[in-house]
Amino acid sequence: MLKNVIILILLLLVASGAWAEQLQGRVSWVYDGDTLEVSNVGKVRLLGIDTPEYKDSSRDSFYIKRFVISRPHLRTISRRAKQFNIDHAKGKIVSLESDATRYDKYGRLLAYVYLPDQQLLNQLLVQQGLATVFRRFDFSMKDHFLDLEANARKNQLGLWAR
């Protein structure tokens with residue numbers, strides 16, 4: 001009887017999405033500020049954040065129009081975000097936690113990336129002003145990330161430096 005109750009609880013957790021899948025792997029490559037290659041997993045897109053592109057792109061218009069950030073400053077932040085990931089994640093074993101939406105339209109796993117010291121890489125990038133909150137879709141930490149972004153803006157960090 002107890003075994004059946006435990007199985008029922010586990011099925012309910014899985015069905016409700018409350019039990020997020022956790023994976024681990026070594027960061028073998030850093031593509032940019034929000035995309036990593038993780039061994040045994042593949043390409044991982046940091047969930048809930050967005051960093052500027054390495055080269056000028058049409059996506060710049062979002063930053064320019066919404067936040068009034070210049071193209072040269074976007075390129076600087078792009079390089080800093082990538083370097084931050086290299087310094088903090090490359091070569092390290094990370095834990096990945098998915099949310100309700102597991103993959104993006106490019107087939108990349110959307111994940112919260114926990115560093116070996118249990119710090120959340122996605123969060124660190126927003127705190128440093130190296131990333132904005134991805135507003136188009138909902139995710140479980142969105143309100144928290146928006147608060148962190150507001151604090152980075154207030155303190156004029158990274159993207160928000162004037």
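## Exercises on a predicted model

R75 counts as buried, at 10% relative accessibility (buried means under 20% relative accessible area, exposed over 50%, partly exposed in between, with a 1.4 Å probe and protein chains only). This is a predicted model, in which local features need pLDDT of at least 70, side-chain atom pairs count only at pLDDT 80 or more, and totals for chains, interfaces and linings use all residues. Residues are numbered from 1 along each chain as its sequence is written, and side-chain values use heavy atoms, with hydrogens and water left out.

### Exercise 1: the surroundings of R75

Task: find the element that holds R75 and list what R75 touches.

Solution.
- Step 1. R75 sits in helix α3. Helices (H or I, at least four residues) and strands (E, at least two) are DSSP runs, numbered from the N terminus.
- Step 2. Leaving out residues up to four places away in sequence, R75 touches P52, E53, Y54, K55, D56 and D60. Contact means heavy atoms within 4.5 Å.
- Step 3. Take Y54 from that list: Y54 lies in the loop between β4 (49–50) and α2. Is Y54 buried or exposed? Y54 is exposed, because its relative accessible area is 55% and exposed means over 50%.
- Step 4. Now look from the side of Y54. Beyond its neighbours within four places in sequence, Y54 is in contact with R75, S78 and R79.

### Exercise 2: two helices that cross

Task: describe how helix α2 and helix α3 meet.

Solution.
- Step 1. Here is the idea to start from: two packed helices are described by the angle between their axes and the distance between the axes.
- Step 2. The axes of α2 (residues 60–67) and α3 (residues 71–88) come within 10 Å and cross at roughly 120 degrees. Axes are lines fitted to C-alpha atoms, for helices over the stretch in contact, and angles run from 0 to 180 degrees between N-to-C directions.
- Step 3. Which residues make the contact? From α2 they are D60, Y63 and I64, and from α3 they are R71, L74 and R75.

### Exercise 3: following the barrel

Task: trace the strands that close into a barrel, and see how they pair.

Solution.
- Step 1. Five strands close the barrel in the order β1-β2-β3-β6-β5, with mixed pairing. On average, neighbouring strands of this sheet are turned by 55 degrees against each other, direction ignored.
- Step 2. Begin with β1 (residues 22–30) and β2 (residues 35–38), which pair in the antiparallel sense over three bridges; two strands pair if DSSP finds at least two bridges between them. β1 and β2 form a hairpin with four residues between them, and V30 has L36 in β2 as its bridge partner.
- Step 3. β1 also pairs with β5 in the antiparallel sense, over five bridges. Here the bridge partner of Q22 is E97 in β5.
- Step 4. β5 (residues 93–97) and β6 (residues 109–114) are antiparallel too, over three bridges. The bridge partner of L96 in β6 is V113.

### Exercise 4: the core

Task: name the residues that touch the most other members of the largest nonpolar core.

Solution.
- Step 1. A nonpolar core is a set of buried Ala, Val, Leu, Ile, Met, Phe, Trp, Tyr and Cys residues joined through side-chain atoms within 4.5 Å.
- Step 2. Of the 39 residues in this core, L36, L96, V113, L121, L125 and F145 touch the most other members. β6 gives the most to the core, with six residues.
- Step 3. Follow L121 outward: not counting residues up to four places away in sequence, L121 touches L36, L46, F84, N85, A89, V113 and L115.
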